[in-house]
Amino acid sequence: MNTLIEKVRSGFAERYGADGQLFAAPGRINLIGEHTDYNGGYVLPGAVDRGIVAAIRPNGTDRVRLAALDPGETCTFGLKEEEKPEASWAHYVFGVCRETIKRGGRVEGFDACFAGDVPLGAGMSSSAALESVFAFALNDLFGNGFDRFELARIGQATEHNYCGCRCGIMDQFASVFGRRGCLMRLDCRSMEFVYVPFDPAGYRLVLLDSRVKHRLVGSPYNDRRRSCERVAAALGRELLRGATMEELEAVRPRISSEDYRRARYVIGEERRVLAFCEALERGDGETAGAAMYATHHGLSQDYEVSCEELDFLVETAASCGVSGSRMMGGGFGGCTINLVREELCDRFVQTACDRFAERYGHAPQVYDVTISDGARRL
Ligand code: GLA
């Protein structure tokens, strides 16, 4: 984190010849509750100690000058422009400006640069980190007084309206509300949430990044969401949240078998999140872990958002006796999240890396996870 801050601080000074105000926002993990957010269900994310750092300074014009330090690219756009800039990374910042203005917020021209250490495409929400850092910074710099929920919604609306992904609220929520040492159990229908201290004695969390990305995030993701909406409509509901398996069976003749399987996963996942939380409260890592395997099975077979490499990592975890393992995030590549008994950890990581490398020609990247704070001024 400190090297990242230094890089952004000096990057800003070099480019713009002054100091910018520094802000940070994190990526996230999610223990359980996948593809439930846009169905009004529960999620259990936590912010991580990897994120995006941005330096920003108002420039007295009505234009925004941006520099992404990692690809080493720059981009400029006017705040009155409706057309989004060409560079796809800039759509996130452009969208945040537009969505802030749309909500009656003030945004004036600014210079900014940013860099991050959330691995791209790993399912850890680098894009939410980018949206959140700018939503938070503009709110702070221009005194708009939006609360954190509104900042998360600005990020989500940016994905919907400028990036083509009709995502739920989980990633932006986690990036904005994160708290050191705590997961957050969020009810995505009521938006009520509780911080859940997470320090399961005797266990570690390990992320294994397959470093594969099979399809563009946008369209298959939006297809899954449309399936859920069709089933909810068939059930006469606004959301799948709260629907039962009996209700689903009753409409089965009227929906496609694919939509049926999508909804079966979502309905099952709602119960699993609650069971996972109860198990965690009792300190029962084995029951919690079993729910993670069940989630993976559903994501792979019914929701069909896993891939061969992720299935292989989960199977390897199971064969090593790991307590819980599943793919994490939107899917089609990225990470598995593993709940591993401490004494097993080194052996598991070594075995998974060896077997994966033997099969796919490259080892997965291993990340230790520290659960950290959300968006903030540095
Ligand atoms: C992506 C989306 C989230 C959520 C997850 C799946 O990360 O941005 O809103 O739907 O996929 O749980």
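1. To read the sheet, start with what counts as pairing: two strands pair if DSSP finds at least two bridges between them. By that rule strand S4 (residues 63–68) and S5 are a pair, running antiparallel over six bridges. Within this pairing, Arg-65 sits opposite Thr-76 of S5. Bear in mind throughout that this is a predicted model.

2. Stepping back, S4 and S5 belong to an open sheet of six strands with the order S5-S4-S6-S3-S1-S13 and mixed pairing. Its edges are strand S5 (73–78) and strand S13 (376–377), each of which pairs on one side only.

3. Strand S3 (residues 45–58) deserves a look of its own. On one side, strand S1 (residues 21–30) runs antiparallel to S3, joined by nine bridges; Ile-29 has Gly-46 in S3 as its bridge partner. S3 also runs antiparallel to strand S6 (residues 110–116), this time with seven bridges, and there Pro-58 is partnered by Phe-110 in S6. S3 is mostly covered, with ten of its 14 residues buried.

4. Now the hairpin. Strand S10 (residues 324–327) is joined by four bridges to strand S11 (residues 333–341), and the two run antiparallel. Arg-326 faces Ile-337 in S11 across the pairing. Five residues separate S10 from S11, and in that turn Gly-329 has a positive phi of about 90°. Gly-329 turns up again in the ligand shell, as does Gly-330.

5. Which way do the residues of S10 point? Gly-324 and Arg-326 go one way, Ser-325 and Met-327 the other, and all are buried. That is the regular pattern, since side chains in a regular strand alternate between the two faces of the sheet. I'd flag Arg-326 for a look on screen: it is a buried residue.

6. On to the ligand site. Besides the two glycines of the hairpin point, the surrounding residues include Arg-28, Glu-34, His-35, Asp-37, Tyr-38, Cys-167, Gly-168, Met-170, Asp-171 and Tyr-221. The shell divides into four nonpolar, four polar and four charged residues.

7. Which atoms approach the ligand's oxygens? A polar side-chain atom of Glu-34 is 2.7 Å from a ligand oxygen, and an N or O atom in the Asp-171 side chain is also 2.7 Å from an oxygen atom of the ligand. Gly-168 contributes through its backbone, with an N or O atom 2.9 Å from a ligand oxygen. As for cover, the ligand has 300 Å² of accessible area on its own, and the protein covers 92% of that.

8. Helix H5 (residues 170–177) supplies two of those shell residues, Met-170 and Asp-171. Is H5 enclosed or open to the outside? Eight of its eight residues are buried, so the helix is largely enclosed by the rest of the structure. Among the buried residues are Gln-172, Phe-173 and Phe-177, along with Met-170 and Asp-171.

9. Cysteines: the structure holds zero disulfides. For Cys-163, the nearest cysteine sulfur is that of Cys-165, 8.4 Å away. A disulfide needs sulfurs within 2.5 Å, so Cys-163 does not qualify at that separation. Cys-163 is partly exposed at 25% relative accessibility. Cys-188 is in no disulfide either, with the sulfur of Cys-167 its nearest at 11 Å; Cys-188 is buried, at 12% relative accessible area.

10. Two backbone angles are worth checking. Met-191 has a positive phi near 65° without being a glycine. The residue lies in the loop between strand S7 (182–187) and strand S8 (193–197) and is buried, with a relative accessible area of 17%. Glu-304, another non-glycine, has a positive phi of about 50°. Glu-304 is in the loop between H9 and helix H10 (308–319), where it counts as partly exposed at 33% relative accessibility.

11. Last, Asp-284. Where does Asp-284 sit? The loop between helix H8 (257–281) and helix H9 (285–301) holds this residue. The Asp-284 side chain makes a polar contact of 2.5 Å with the side chain of Thr-287, and Asp-284 is partly exposed at 23% relative accessible area. Asp-284 and Ala-234 are 50 residues apart along the chain, and their C-alpha atoms are separated by 38 Å.

Conventions:
Residues are numbered from 1 along each chain as its sequence is written. This is a predicted model: local features need pLDDT of at least 70, side-chain atom pairs count only at pLDDT 80 or more; totals for chains, interfaces and linings use all residues. Side-chain values use heavy atoms; hydrogens and water are left out. A residue is near a molecule or strand if one of its heavy atoms lies within 4 Å of it. A polar contact is a pair of N or O atoms within 3.5 Å; within protein, one must be able to donate a hydrogen and the other to accept it, and residues adjacent in sequence count only if both atoms are side-chain atoms. Accessible areas come from the Shrake-Rupley method with a 1.4 Å probe; for residues, only the protein chains shown count as cover. Ala, Val, Leu, Ile, Met, Phe, Trp, Tyr, Cys and Pro count as nonpolar, Asp, Glu, Lys and Arg as charged, and the others, Gly among them, as polar. Buried means under 20% relative accessible area, exposed over 50%, partly exposed in between (1.4 Å probe, protein chains only).
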